[in-house]
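Good morning, and thank you for coming. Please look at the sequence and the structure as they appear, and I shall then take you through them.

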Amino acid sequence: MPVPEGTTIRQARREDVPTILQLIRELAIYEKEESSVLATLESLSNTIAFAPSPIISAHDTTPSPDGDIPSPTRPARCLLIFSPEGEAAGMALYFYNYSTWRARPGIYLEDLFVRENMRKNGYGLRLIAELAKEVVAMDGGRLEWSVLKWNEPSIRFYEDIVGATAMSGWVGMRVDGKNLEKLAERAA
């Protein structure tokens with residue numbers, strides 16, 4: 001399904017941080033994890049690699065020439081999609097990864113979210129297609145992500161519309177909080 005005419009898709013800029021945080025909160029509500037959101041305006045501002053801003057401030061309308069380059073402290077990128085009316089419809093928050101077996105770069109989609117009232121307009125497919133386009137342009141090996149097992153609507157979307165394959169032979173693993181600190185101490 002093509003997106004409505006007048007839809008805008010672009011890399012996030014610093015001035016989009018409040019919108020990104022709101023979309024993250026809405027995603028957390030959808031996933032029944034609202035209390036788990038620790039992101040703040042400051043932490044997002046410090047960890048996302050932003051595109052150049054078209055204006056620096058209300059007083060200085062000279063376009064900003066500098067965007068951020070992804071780095072260990074700014075690993076994330078964020079694509080935003082806006083309705084023809086200019087309302088933020090959704091986001092794809094992602095970072096670059098690497099396939100050792102293929103010896104090629106790729107993209108890991110951390111979160112894809114389209115606001116509930118904006119769904120069925122092609123926004124989710126367009127966001128993920130833009131990431132696929134970037135992977136192909138970098139001669140990358142794959143685009144991958146995780147989806148909650150209970151999220152049947154998303155699983156059907158990914159399999160039926162996007163053409164993704166579930167990786168049922170893999171188990172997601174995570175170390176965080178005190179266990180992460182404990183593990184880091186073992187490197188001493």
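I begin with one pair of charged side chains: arginine 74 and aspartate 68 meet in a salt bridge, with an N to O distance of 3.8 Å. Please keep in mind that this is a predicted model. Both partners are in the interior category, as arginine 74 is buried and aspartate 68 is buried too. For aspartate 68 the relative accessible area is 16%, and buried means under 20%, so this residue meets the cut-off.

Aspartate 68 has a further partner. It also forms a salt bridge with arginine 14, and here the closest N and O atoms are 2.7 Å apart. This pair links distant parts of the chain, since the two residues are 54 residues apart. Arginine 14 lies in the loop between β1 (8-11) and α1 (17-30), while aspartate 68 lies in the loop between α2 (41-47) and β2 (77-82). Is arginine 14 buried, partly exposed or exposed? Its relative accessibility is 39%, so it counts as partly exposed.

Let us turn to a pair within a helix. The side chains of glutamate 130 and arginine 126 form a salt bridge, at 2.8 Å from N to O. Why are these two separated by about one helical turn? They are four residues apart in helix α3, which covers residues 123-137. Glutamate 130 is partly exposed, at 21% relative accessibility, and arginine 126 is partly exposed as well, with a relative accessible area of 30%. Returning to the earlier residues, salt bridges that share partners join Arg14, Asp68 and Arg74 into one network. In total, the count comes to nine salt bridges.

I now move to the whole chain. How many helices and strands does the protein chain have? There are five helices and five strands, and along the sequence they follow the pattern β-α-α-β-β-β-α-β-α-α. The radius of gyration is 18 Å, close to the 16 Å that the globule rule gives for 188 residues, so the chain is as compact as a globular protein of that length. Of these 188 residues, 33% count as buried.

Contacts and charges complete the picture. Among contacts between residues at least 6 apart in sequence, 59% join residues at least 24 apart. The chain carries 21 positive and 26 negative charges, and their mean positions are 4 Å apart. Finally, the chain exposes about 12300 Å², of which carbon and sulfur atoms supply 55%.

How values were computed:
Residues are numbered from 1 along each chain as its sequence is written. This is a predicted model: local features need pLDDT of at least 70, side-chain atom pairs count only at pLDDT 80 or more; totals for chains, interfaces and linings use all residues. Side-chain values use heavy atoms; hydrogens and water are left out. The radius of gyration is taken over C-alpha atoms; the globule rule is 2.2 Å times the number of residues to the power 0.38. Buried means under 20% relative accessible area, exposed over 50%, partly exposed in between (1.4 Å probe, protein chains only). Contact means heavy atoms within 4.5 Å. Accessible areas come from the Shrake-Rupley method with a 1.4 Å probe; for residues, only the protein chains shown count as cover. Lys and Arg count as positive and Asp and Glu as negative; His and the chain ends are not counted. The place of a charge is taken as NZ of Lys, CZ of Arg, CG of Asp or CD of Glu. A salt bridge is a side-chain nitrogen of Lys or Arg within 4 Å of a carboxyl oxygen of Asp or Glu.
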